[in-house]
Amino acid sequence: MPRSVGLRAFVLSVLIFAVFLLAWHVAVRGGGAGAATVDPEYAKLVGAAAATGGQTPMPGPIDVGRTIWKHLSDPFYVRGTNDMGIGIQLAYSLARVLTGFGLAVVVAVPLGFLIGMSQLVYRALDPFIQVMKPISPLAWMPLALYTIKDSSLSSIFVIFICSLWPMLINTAFGVASVRKDWLNVARTLEVGPFRKAFTVILPAAAPTILTGMRISVGIAWLVIVAAEMLVGGTGIGYFVWNQWNNLSLTDIITAILLIGLVGMALDQVLARLTRFVTYPE
Amino acid sequence: MALFDNPFTAANRLGRGCVCGRHGSAREHEAALRTEAFEAGQASEESRYGRVVEQAVMRALFPEDGRRRAFLKAVGASTAAAALATVFPLGAASEALAQTGPIEKKDLKVGFIPITCATPIIMAHPLGFYSRHGLNVEVVRTAGWAVIRDKTINKEYDAAHMLAPMPIAMTMGAGSNPIPYAVGAIENINGQAITLATKHKDKRDPRDWKGFRFAVPFDYSMHNYLLRYYLAEAGIDPDRDVQIRSVPPPEMVANLRADNIDGFLGPDPFNQRAVFDGVGFIHILSKELWDGHPCCAFAASRDFVTTLPNTYRALLKSIIDATAHAQKAENRKAIAEAIAAPNYLNQPVTVLEQILTGTYADGLGQVKRDPNRIQFDPFPWDSFAVWILTQMKRWGQIKGDVDYAGIARQVFLATDAGAMMKELGLTPPTATTKTFAVMGKAFDPAKPEDYVASFAIKRA
């Protein structure tokens, strides 16, 4: 039975997608068919739609498909500083996200442990966390550019600062809610603090910590696109900005699609990891 | 005046003939001058600069050429040179002008915003102007004016394409911390336009524009000042009767399409792009408001200019060289093709060609021809800076007493640009200020305060 549900869901997904493509195709076909013909010299100077008195329409699924194919068939070319393949742009973004995220893990997990294990530290740091948490990552950007004086480090810093909070809070929460029974057992066995942290608390809190990491990586991937649009240079966000500058919607749609797919892949990796450390009770 | 002639030879005339008296026509003279400058380039740099200085000194001492000749005949060339050297430190002066020496830093980064105003900065890369002057320059496309500003302040960029008023604002600390900046050369003159949404094609009189929403690229931009000027001339108060927003140029076209703004005064290619995409029409070219107005600039920090003088000179030389190349109508098509590539402007070639050649569709069904739609003239007139300052004062961006001439001289390095133009065989203007008219109203750079006071609509 579950297998057939899966199959039916798949068929339904494909169906929805097909309907969507068809609707898109039909919707954009209508525009730009004005009858007013103009002077051929003028027509040569403007876009096809503008020549007949219309506006350049939204691109249809066929145009977008062609663009996607063009980008995917040659993703790793480098033709100068400002013209690189989409694969290279994605790699830049991923490298930034993973660096910032890695730094955040290094800071957030130990700090979260500390906060989770000590009421005092928790109470002392709580106001800071509450104030820092809701700040939009991009609000940090000008400050980072000004103080760090390096745009690629600044975007890594922004990723770092925005991935920090969910991990910190989840780690603290996971550590604080380890079952009292287990801690009591550890105490009666006179386990040292390090051993207690690694053999009792870490395994117990691991699923919560990884959930925090999963949220963080999702946010980091959201933020990198915006950060790169702002700072420019390289990365998929810069690619979007650059195609925006070219007013090329087909390229933007291609980028959106790829951003979604990569984000999904990142999320799936952490979901797998979470499942791996979850234990049945 | 053949630039590198020996002024100590009686046979040579330094005076004001054709200009030098050795050629039949001005054109012939210019051509000869260019070959000469080129040949002189092969000769040792030092003696070349020496000649320029000696000429200037001799010309100052003997305003009349006849007297100089008489003097030389009487005492002999070498005596004259020696006598001159005792009263005037010729060596030091030529050294100051030449500053010969190795380029301190060959690998440079220059930031640009992908608009046609940056044409000389960009095309110098594919067409080899940087390498011709011994530099390895990377031109980096940048996402916005504020980012360009921050990246040059951070020294990620050695120099950058900026809006002409930006270095002035930065030097004065308007909108950022005060950091001394310098404009080495003007990138382009003219080349902007007011574009309106197609639905306003019957409202061609600016007096009907009350309640309109406009976009300009940056607060400290010629676009902002020209649009405000144009509106105010029509009796529209730009702060009360309309809305003026700061919007990145590509978004101007998108906002026009989305009916979110009624028009913009923006840089090309976006005026032409709005026409190309069928969302707007070109109401008026900015050259019709002020023919020959500056727009964008090639800027670097004072720090860069003084600590890496040879590098700066080589860079400025490449830019001025490229600017002169871009000014020639016969090169424009090739330039359009070179800078349309994804690595540079990333735009359709036909759009860029229309801007650079001046044969363009206006968005109302007509093909217009104006070869001077955009022009390239590197000379940073001090009076341009003074005019910009008067408008900053007029609209309340700067307050109190302004040292117009002082700031203009400090930021717009007209003398350096002039010297560089001479070296390249171009003829720079002899003065650094000039008068001009904006929308028919004369501007006298010597009386900036009177100019500000003369406007009916102002915030100062």
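Helices are DSSP runs of H or I with at least four residues, strands are DSSP runs of E with at least two, and both are numbered from the N terminus. The model shown in every view is predicted.

**View 1. The annotated domain of chain A contains helix but no strand.** An unreviewed UniProt entry lists "domain: ABC transmembrane type-1" for residues 90-270 of chain A. This span is 87% helix and 0% strand. Its end C-alpha atoms lie 19 Å apart.

**View 2. Transmembrane regions are annotated along chain A.** The unreviewed UniProt entry places the annotation "transmembrane region" on residues 7-27, 94-116, 154-178, 219-241 and 247-266 of chain A. Take two of these stretches. Residues 7-27 of chain A are 100% helix and 0% strand, with 30 Å between the end C-alpha atoms. Residues 219-241 of chain A are 83% helix and 0% strand. Here the end C-alpha atoms are 20 Å apart.

**View 3. Helices α7 and α8 of chain A cross obliquely.** Two packed helices are described by the angle between their axes and the distance between the axes. Helix α7 covers residues 140-148 of chain A, and helix α8 covers residues 151-176. Their axes come within 9 Å and cross at roughly 135°. Roughly perpendicular ends at 115 degrees and roughly antiparallel starts over 145, so α7(A) and α8(A) count as oblique to each other. The crossing of α7(A) past α8(A) is right-handed. On the α7(A) side, the contact residues are W140(A), M141(A), A144(A), L145(A) and I148(A). They meet residues of α8(A) that include S151(A), L153(A), F157(A) and I161(A).

**View 4. L247(A) has a positive phi.** Phi of this residue, which is not a glycine, is near 50°. L247(A) sits in the loop between α11 (236-245) and α12 (249-277) of chain A.

**View 5. Five strands of chain B form an open sheet.** Strands of a sheet pair through backbone hydrogen bonds, either parallel or antiparallel. The strand order in this sheet is β2-β1-β3-β11-β4, and the pairing is mixed. At the edges are β2 (136-141) and β4 (181-186) of chain B, each paired on one side only. Neighbouring strands of the sheet are turned by 30° against each other on average, direction ignored. Inside the sheet, strand β3 (residues 159-163) and strand β11 (residues 296-301) of chain B pair antiparallel over four bridges. M162(B) stands opposite A297(B) in β11(B).

**View 6. Helices α9 and α17 of chain B pack roughly perpendicular to each other.** Helix α9 spans residues 165-172 of chain B, and helix α17 spans residues 382-394. Their angle is about 65°, and their axes are 10 Å apart. The crossing is right-handed. From α9(B), the contact uses P165(B), I168(B), A169(B) and M172(B). From α17(B), the contact uses A385(B), I388(B), L389(B) and M392(B).

**View 7. Strands β7 and β8 of chain B run parallel.** Strand β7 (residues 213-216) and strand β8 (residues 243-246) of chain B pair over four bridges. R213(B) has Q243(B) in β8(B) as its bridge partner. From β7(B), the chain passes through helix α10 (residues 222-233) of chain B to reach β8(B). This β-α-β crossover is right-handed.

**View 8. A cis peptide bond joins D268(B) to P269(B).** Its omega is near 15°. P269(B) lies in the loop between β9 (263-267) and α12 (270-276) of chain B.

Notes
Residues are numbered from 1 along each chain as its sequence is written. Chains are lettered from A and ligands numbered from 1 in the order in which they are written. This is a predicted model: local features need pLDDT of at least 70, side-chain atom pairs count only at pLDDT 80 or more; totals for chains, interfaces and linings use all residues. Side-chain values use heavy atoms; hydrogens and water are left out. Two strands pair if DSSP finds at least two bridges between them. A crossover is right-handed if, with the strands pointing away from the viewer, the path from the first strand over the helix to the second runs clockwise. UniProt positions are given in the numbering used here, feature names are shortened, and annotations may be inferred rather than shown by experiment. Axes are lines fitted to C-alpha atoms, for helices over the stretch in contact, and angles run from 0 to 180 degrees between N-to-C directions. Angles under 35 degrees count as roughly parallel, over 145 as roughly antiparallel, 65 to 115 as roughly perpendicular and the rest as oblique. A crossing is left-handed if the near helix is turned anticlockwise from the far one by less than a right angle, and right-handed if clockwise. Contact means heavy atoms within 4.5 Å.
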